[in-house]
Amino acid sequence: MKAFVIAALVALITITSQAHAFMSDESHYQGLPEWSQFKQFIHEQQQEDERLGLSYMISGGLAAVGGVIGYDLSNDPLSRSVYALTSTVGIAAIGLGASHYWTGNEYDSFFFALEHSNISVQEKNRILQKYLEKEHDKREARRWIRVVTHSLIAVANFYSASREPNGDVKPVFIFLGTVNTVLAISYSF
């Protein structure tokens, strides 16, 4: 049973780090609502999206291949489960990387639409200002939704730990509750 707890913790750490990567806000523009600055930010962000995408695809590919090899070499059902989970998370990382590499970020469509329009720079600046205000409000809402979600998951896991009679399983619930408490606190700042 101790091996189960260790494998569950390793799997949870792997899943949590990947989930956090999927859920975290992408880099957002914090400059003035001036088109020339925004344009420079977009070009830098596009390069970063390509770099990040390749990074995720390479590391995900290594994890997926390593998981498959480990699965094939192992006879222990628990180890095989951990290797299968590692392979699955690796494939998810490849998908995340492909998304970054080929689709870019949340600003790309907006930038493209305005960059290739026949409106003045002053009009682009006014539209950009309204867009950035709305995006700020959405980021704040997402942040507080994450705080509440992770807080509720933490409470549910601490409750399960308080009711769990099995001493080998109880630490898993405590660990899950602690991880989600830390995530809730990290999103609250």
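**Exercise 1.** Is Leu62 buried or exposed?

*Solution.* Keep in mind that we're working with a predicted model.
- Start by placing the residue: Leu62 sits in helix H2, which covers residues 35-73.
- Next, check its relative accessible area, which is 64%.
- The cut-off for exposed is over 50%, so Leu62 counts as exposed with its 64%.
- Now look at its company: Leu62 joins Leu54 and Ile58 in a nonpolar surface patch. Together the three have about 320 Å² of accessible area.

**Exercise 2.** Work out which residues of helix H4 are buried, and how they are arranged around the helix.

*Solution.*
- H4 runs over residues 108-115, and its buried residues are Asp108, Phe110, Phe111 and Leu114.
- Look down the axis of H4: the buried residues fall within an arc of 165°, so they line one face of the helix.
- Flip to the other side of H4, and you find Ser109 and Phe112 exposed.
- What does the covering? Helices H2, H3 (77-103) and H5 (121-163) are among the elements over the buried residues of H4.

**Exercise 3.** Find how far apart the C-alpha atoms of His43 and Asp108 are, and classify the exposure of His43.

*Solution.*
- His43 belongs to helix H2, while Asp108 is one of the buried residues of H4.
- Along the chain, His43 and Asp108 are 65 residues apart, yet their C-alpha atoms are separated by 9.6 Å.
- For the exposure, His43 has a relative accessible area of 36%. Partly exposed spans the range between the 20% and 50% cut-offs, so that is the class His43 gets.

Definitions and conventions
Residues numbered from 1 in each chain as written. Predicted model: local features only at pLDDT ≥ 70, side-chain atom pairs only at ≥ 80, totals over all residues. Heavy atoms only, no water. Patch = residues over 30% accessible without salt bridge, like charges linked within 9 Å, V, L, I, M, F, W, Y side chains within 5 Å. Areas by Shrake-Rupley, 256 points an atom, 1.4 Å probe, with all protein chains shown as cover. Salt bridge = Lys/Arg side-chain N within 4 Å of Asp/Glu carboxyl O. Helix = DSSP H or I, 4+ residues; strand = E, 2+ residues; numbered from the N terminus. Buried < 20%, exposed > 50% of the residue type's maximum accessible area, 1.4 Å probe, protein only. Arc of directions from axis to C-beta. Contact = heavy atoms within 4.5 Å.
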